[in-house]
Amino acid sequence: MRAREPADAPPMLYYKGNIKKMDQTVGIVGARRCSQKAKQETVFLASEYAKTRIAVVSGMAKGIDSYAHTACLNAGGYTIAILGNGLDICYPSEHHKLMKCIEEKGLLLSEYPPGTPPSRYTFPRRNRLISSWSDKLIIIQAGKGSGALITAEYSRKYGRKVEMKAEI
């Protein structure tokens, strides 16, 4: 099971939503502030993966993450949002509707207990979970030192394929 594969796997995961058997998964992460072309590429990719029954994994952040989750759900797919806070906190706060939709049709995951607020320390750990739950990782329009590049480092460490989309 993906949750137990990495040596640094958390001892416990909290979840809300529907746990489904997933034959294949793809992580899609990238810039919070992205170009229109990057958004279009994200929507296209997430929709295509959803249509082929490949689960889309991301971090529910602004920008690329939220576009990937939304496009997957709109195409009737299964998406997994891995959070850097407790499941009782919606971050960013404007994603309440998206979070509820993921809970109803997909899966919300966190290694943090309820009440844990997001912080600069929780997101790199969240990124390692995105990597471990993704068979392949696609990075779209990531900047230097970004969380998306941290996720790519973990993916390589875990032996996952990483596809970097050129500046879009």
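The following exchange goes through the sheet, its central strand and the helices of a predicted model.

Reader: What kind of model is this, and how are its residues numbered?
Author: The model is predicted, with local features needing pLDDT of at least 70 and side-chain atom pairs counting only at pLDDT 80 or more, while totals for chains, interfaces and linings use all residues. Side-chain values use heavy atoms, with hydrogens and water left out, and residues are numbered from 1 along each chain as its sequence is written.

Reader: In what order do the seven strands of the open sheet stand?
Author: Strands here are DSSP runs of E with at least two residues, and helices are runs of H or I with at least four, numbered from the N terminus; two strands pair if DSSP finds at least two bridges between them. The pairing in this sheet is mixed, and β1 (14-17) and β7 (161-165) each have a single partner strand, so one side of each is left without a neighbour in the sheet. Neighbouring strands are turned by 20° against each other on average, direction ignored. The order is β1-β5-β4-β3-β2-β6-β7.

Reader: Which strands pair with β2 in the parallel sense, and over how many bridges?
Author: Towards β3 (residues 55-58), T25 has A55 as its bridge partner and V26 stands opposite V56. Towards β6 (residues 136-140), I28 stands opposite I138. The parallel partners are therefore β3, over three bridges, and β6, over five bridges.

Reader: Is strand β2 largely enclosed or left open by the rest of the structure, and why?
Author: Buried means under 20% relative accessible area, exposed over 50%, and partly exposed in between, with a 1.4 Å probe and protein chains only. T25, G27 and V29 point one way from β2, whereas V26, I28 and G30 point the other way, and all are buried. Because six of the six residues of β2 (residues 25-30) are buried, the strand is largely enclosed.

Reader: What is the handedness of the β-α-β unit made by β2, helix α1 and β3?
Author: A crossover is right-handed if, with the strands pointing away from the viewer, the path from the first strand over the helix to the second runs clockwise. The helix of this unit, α1 (residues 36-51), connects β2 and β3 in a unit that is right-handed.

Reader: At what angle do the axes of α2 and α3 cross?
Author: Axes are lines fitted to C-alpha atoms, for helices over the stretch in contact, and angles run from 0 to 180 degrees between N-to-C directions. In contact, meaning heavy atoms within 4.5 Å, S66, H69, T70 and L73 of α2 meet L98, C101, I102 and K105 of α3. The axes of α2 (residues 64-74) and α3 (residues 96-105) come within 11 Å and cross at roughly 45°.

Reader: Is S155 buried or exposed?
Author: S155 lies in helix α5 (residues 147-157). Not counting residues up to four places away in sequence, S155 touches S131, L137, R160 and V162. Its relative accessibility is 0%, so S155 counts as buried.
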